[in-house]
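Please read this briefing with the sequence and the structure open side by side, and locate each residue as it is named. The notes are grouped by topic.

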Amino acid sequence: MSADIIDGKAFAAQLRGRVAGFVPAFRAAARRAPGLAVILVGEDPASQVYVRSKHKATIEAGMESFEYRRDPSISEQKLVDLVNQLNADDAVDGILVQLPLPDHINEQRIIATIDPDKDVDGFHVVNAGRLAVGLHGYVPCTPLGCLMLLRDKLGDLSGLDAVVVGRSNIVGKPMAQLLLAESCTVTIAHSRTKDLAAVVRRADIVVAAVGRPEMIRGDWIKPGATVIDVGINRVPGAEAGKTKLVGDVAYAEAAEVAGAITPVPGGVGPMTIAVLLRNTLVAAHRRAGVLLAKDAI
Ligand code: NDP
């Protein structure tokens, strides 16, 4: 069998287009653009790339992008003050603090300072709680993007066996909550799971969010299963001195067995920013009291 390739890049481009399509009506109703503020502390090269891409995508969607770059020596209190300033700023609908932060800053304190109704990354404990009990809130962008791809591919997920490998607060746990809300039977696997291969082999849906290159092998996959690979791992490439990106799933092997699979790159990765824009659009409508039809986006 050769799996269908789930084209996250194309889906993300479509989602970004749909988000952009709602912006003119919002601007007309609210007399301002939806606004996203991004805080970047320090000069981590990967974070710089992410922040640049977010800025570009925000502008392309017709939204306002506010960037706050701060020196890595900034005190925790100064960062708290900046977040509070953005909480109070009416032009800002979404606040994103690019992680990781320098060691001397308590990430949890900074995330807890963000107004939950501007927390478009969905990391605030209030939004984690809303997700857990099924209330409206903001869901972390990467797992929500995975769910959108799954729904698009499979339609109704109810009753399917889903295995999420990884239990981080930003991917694994919210992913499991989302699948549970879709009435999947959900197993969360992690580094202490016994016989991971056997656990994964039961799954109709596998979501891999581990951070270990090609750890999940083709013979772990149930024939016909849908495989969502969140992993982004940089490994040595074929050419000396060059690197390439691979996922947490051994793609070539798994694609022989799975029914559908996301590639790396071009699968889950592009969904994250598209969902960030979607969450910002939703936040803008809620904050401005402008109606956005349920499930419109
Ligand atoms: P974390 O490091 O926070 O979590 C990794 C999880 O994998 C942990 O729960 C850990 O278990 C589990 N794990 C580690 N080793 C094993 C093992 N041998 N067997 C089973 N489980 C294991 O990572 P993240 O959730 O932040 O990210 C996961 C991957 O997704 C990374 O490659 C990251 O780069 C990528 N990513 C991609 C995004 C995107 O596409 N936009 C966004 C976010 C992440 P334990 O808890 O027991 O330690």
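What follows begins with the overall layout and then turns to the ligand, to single residues and to the backbone.

The model is a predicted one, and its protein chain is divided into domain 1, which covers residues 31-116, and domain 2, which covers residues 141-270. Taken over C-alpha atoms, the centres of domain 1 and domain 2 are separated by 29 Å. A ligand is present as well, with 21 residues around it.

**The surroundings of the ligand**

- Which residues come nearest to the ligand? Of the 21 residues around it, these are Arg167, Ser168, Ser191, Arg212 and Thr272.
- When the shell around the ligand is sorted by class, it has nine nonpolar, 10 polar and two charged residues.
- Two serines come up to oxygen atoms of the ligand with polar side-chain atoms: for Ser168 the distance is 2.6 Å, and for Ser191 the distance is 2.5 Å.
- Arg212 has a polar side-chain atom that lies 2.8 Å from a nitrogen atom of the ligand.
- On its own the ligand has 930 Å² of accessible area, and the protein covers 70% of this area.

**Two buried threonines**

- Thr142 belongs to helix α6, which spans residues 141-154, and because its relative accessibility is 16%, while the cut-off for buried is under 20%, Thr142 counts as buried.
- If the neighbours of Thr142 within four places in sequence are left aside, the residues in contact with Thr142 are Val230, Val268 and Thr272; of these, Thr272 is also among the residues that come nearest to the ligand.
- Thr262 is placed in a loop, the one between β11 (260-261) and α10 (269-288).
- Is Thr262 buried or exposed? Thr262 counts as buried, because its relative accessibility is 0%.
- A polar atom of the Thr262 side chain lies 2.8 Å from the backbone nitrogen of Asp229.
- Not counting residues up to four places away in sequence, Thr262 touches Ile6, Leu149, Val227, Ile228, Asp229, Tyr251, Gly267 and Val268. Val268 is also in contact with Thr142.

**Helix α7 and what covers it**

- Which residues of α7 are buried? In α7, the buried residues are Gly172, Pro174, Met175, Ala176, Leu178 and Leu179.
- The cover over the buried residues of α7 includes two helices, α5 (125-133) and α6, together with the strands β5 (161-165), β6 and β7 (205-208).
- Just after α7 comes Ser183, with a positive phi of about 70°, and this residue is placed in the loop between α7 (172-181) and β6 (185-189).

**Backbone angles to look for**

- Ser183 takes its positive phi although it is not a glycine, and because its relative accessible area is 42%, Ser183 is partly exposed.
- Asp195 is not a glycine either, yet it has a positive phi of about 45°, and its place is in the loop between β6 and α8 (196-201).
- Because the relative accessible area of Asp195 is 52%, and the cut-off for exposed is over 50%, Asp195 is exposed.
- Where do cis peptide bonds occur? One joins Leu99 and Pro100, with omega at about 0°, and another joins Val264 and Pro265, again with omega at about 0°.
- Pro100 lies in the loop between β4 (94-97) and α4 (107-113), whereas Pro265 is found in the loop between β11 and α10, where Thr262 is placed as well.

**Pro72 in its loop**

- Pro72 has its place in the loop between β3 (64-70) and α3 (76-87), and because its relative accessible area is 36%, Pro72 is partly exposed.
- With its neighbours within four places in sequence left aside, Pro72 is in contact with Val41, Gly42, Pro102 and His104.
- Pro72 and Ile273 are 201 residues apart in sequence, and from C-alpha to C-alpha they are 24 Å apart in space.

Terms used:
Residues are numbered from 1 along each chain as its sequence is written. This is a predicted model: local features need pLDDT of at least 70, side-chain atom pairs count only at pLDDT 80 or more; totals for chains, interfaces and linings use all residues. Side-chain values use heavy atoms; hydrogens and water are left out. Helices (H or I, at least four residues) and strands (E, at least two) are DSSP runs, numbered from the N terminus. Buried means under 20% relative accessible area, exposed over 50%, partly exposed in between (1.4 Å probe, protein chains only). Contact means heavy atoms within 4.5 Å. Domain bounds come from an automatic or database domain assignment. A polar contact is a pair of N or O atoms within 3.5 Å; within protein, one must be able to donate a hydrogen and the other to accept it, and residues adjacent in sequence count only if both atoms are side-chain atoms. A residue is near a molecule or strand if one of its heavy atoms lies within 4 Å of it. Accessible areas come from the Shrake-Rupley method with a 1.4 Å probe; for residues, only the protein chains shown count as cover. Ala, Val, Leu, Ile, Met, Phe, Trp, Tyr, Cys and Pro count as nonpolar, Asp, Glu, Lys and Arg as charged, and the others, Gly among them, as polar.
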